[in-house]
Amino acid sequence: MLALFRVDPPATRSREAKCQHAGMSVDGYRAMTSALRDFLDLVATAGPGADVDALTTDLRRWTDRLAPHRVDESRRVFGERFDLPDRGQTMTPLFVPRLVTTVRAEGVARFGEYFLGSNGAAHGGAVPLLFDEVLGHVVLARGLRARTAYLHTEYRAITPIGRDLTVRARVDRVSGRKLFLTAELSDGDAVCAESEALFVELRDGAP
Ligand SMILES: CCCCCCCCCCCC(=O)SCCNC(=O)CCNC(=O)[C@H](O)C(C)(C)COP(=O)(O)OP(=O)(O)OC[C@H]1O[C@@H](n2cnc3c(N)ncnc32)[C@H](O)[C@@H]1OP(=O)(O)O
């Protein structure tokens with residue numbers, strides 16, 4: 001089981017307000033994204049006996065229920081719950097931060113079954129997705145508006161599914177608006193993947 005570690009976000013109160021405004025409890029949103037991760041993992045592991053027609057009917061019903069609640073990006077809750085593991089989103093493999101500072105981040109990562117590539121190994125695209133997320137935590141801790149300019153990933157060994165892994169990221173060098181960072185994903189002593197990234201601080205007025 002993953003333990004939960006709280007990272008103090010820059011603006012928790014307004015993000016909690018978003019939840020309350022949306023009529024959601026804080027714990028309720030956390031339970032929802034957790035249930036969604038479990039659901040996606042079970043979709044990925046389902047065999048031919050699964051009742052796909054009934055599932056489709058249920059999913060369509062829920063799509064119809066959610067459709068009237070669409071809001072613009074500034075009012076969305078998904079990915080904005082900085083007090084929850086994974087910011088209350090399911091798009092990336094689970095990352096539970098243990099430590100986030102302006103120079104480094106470290107935490108537990110877990111690739112659910114949903115992220116399987118083949119033969120027990122995580123999909124190669126999911127690994128940089130995790131790295132971008134973890135590096136983003138460091139960049140955000142610096143209070144910067146920045147975007148990834150490149151993210152080079154080296155795959156050293158398979159990234160196993162369904163295990164608690166360790167992920168670490170750090171700032172190596174800063175040059176003007178450029179932040180050069182590195183990250184590493186490991187399974188015990190075995191390094192699964194490494195990454196080198198450049199984040200560029202946005203110019204004033206950049207979208
Ligand atoms: C609680 C926490 C939660 C944490 C929450 C976690 C959130 C997850 C974070 C995800 C972050 C993302 O994925 S962001 C989304 C993915 N990325 C993007 O969409 C970015 C698309 N690209 C762009 O917008 C632009 O190209 C920029 C912003 C990267 C750079 O444009 P710019 O601002 O005009 O800067 P520009 O003058 O071109 O370049 C500035 C300097 O950087 C260098 N540079 C720029 N691009 C490159 C490059 N690819 N490779 C080498 N060098 C480059 C230039 O040579 C120059 O160096 P010099 O001449 O000064 O030496």
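1. The ligand first: 17 residues surround it (a residue counts if one of its heavy atoms lies within 4 Å), and the closest are Asp132, Thr148, Arg177, Lys178 and Arg203. Bear in mind that this is a predicted model, where local features need pLDDT of at least 70, side-chain atom pairs count only at pLDDT 80 or more, and totals for chains, interfaces and linings use all residues. Numbering runs from 1 along each chain as its sequence is written, and side-chain values use heavy atoms, with hydrogens and water left out.

2. On polar contacts (N or O pairs within 3.5 Å), the side chain of Asp132 has an N or O atom 2.5 Å from a ligand oxygen. For Lys178, a polar side-chain atom sits 2.7 Å from an oxygen atom of the ligand, and for Arg177 the distance from a side-chain N or O atom to a ligand oxygen is 2.9 Å. The protein covers 54% of the 1300 Å² of accessible area that the ligand has on its own (Shrake-Rupley method, 1.4 Å probe).

3. As for who builds the shell, α4 (126-141), β5 (146-155) and β8 (190-201) each give two or more residues. The largest share, five residues, comes from α4.

4. Now helix α2, residues 26-45. Its 20 residues reach 29 Å from first C-alpha to last, close to the 28 Å expected at 1.5 Å a residue (that is, 1.5 Å times one less than the number of residues).

5. Tyr29, Thr33, Arg37 and Leu40 are the buried residues of α2 (under 20% relative accessible area, 1.4 Å probe, protein chains only). They fall within an arc of 80° seen down the axis of α2, so they line one face of the helix; the arc is taken over directions from the helix axis to the C-beta atoms. On the other side of α2, Asp27 and Leu42 are exposed (over 50%).

Definitions and conventions
A polar contact is a pair of N or O atoms within 3.5 Å; within protein, one must be able to donate a hydrogen and the other to accept it, and residues adjacent in sequence count only if both atoms are side-chain atoms. Helices (H or I, at least four residues) and strands (E, at least two) are DSSP runs, numbered from the N terminus.
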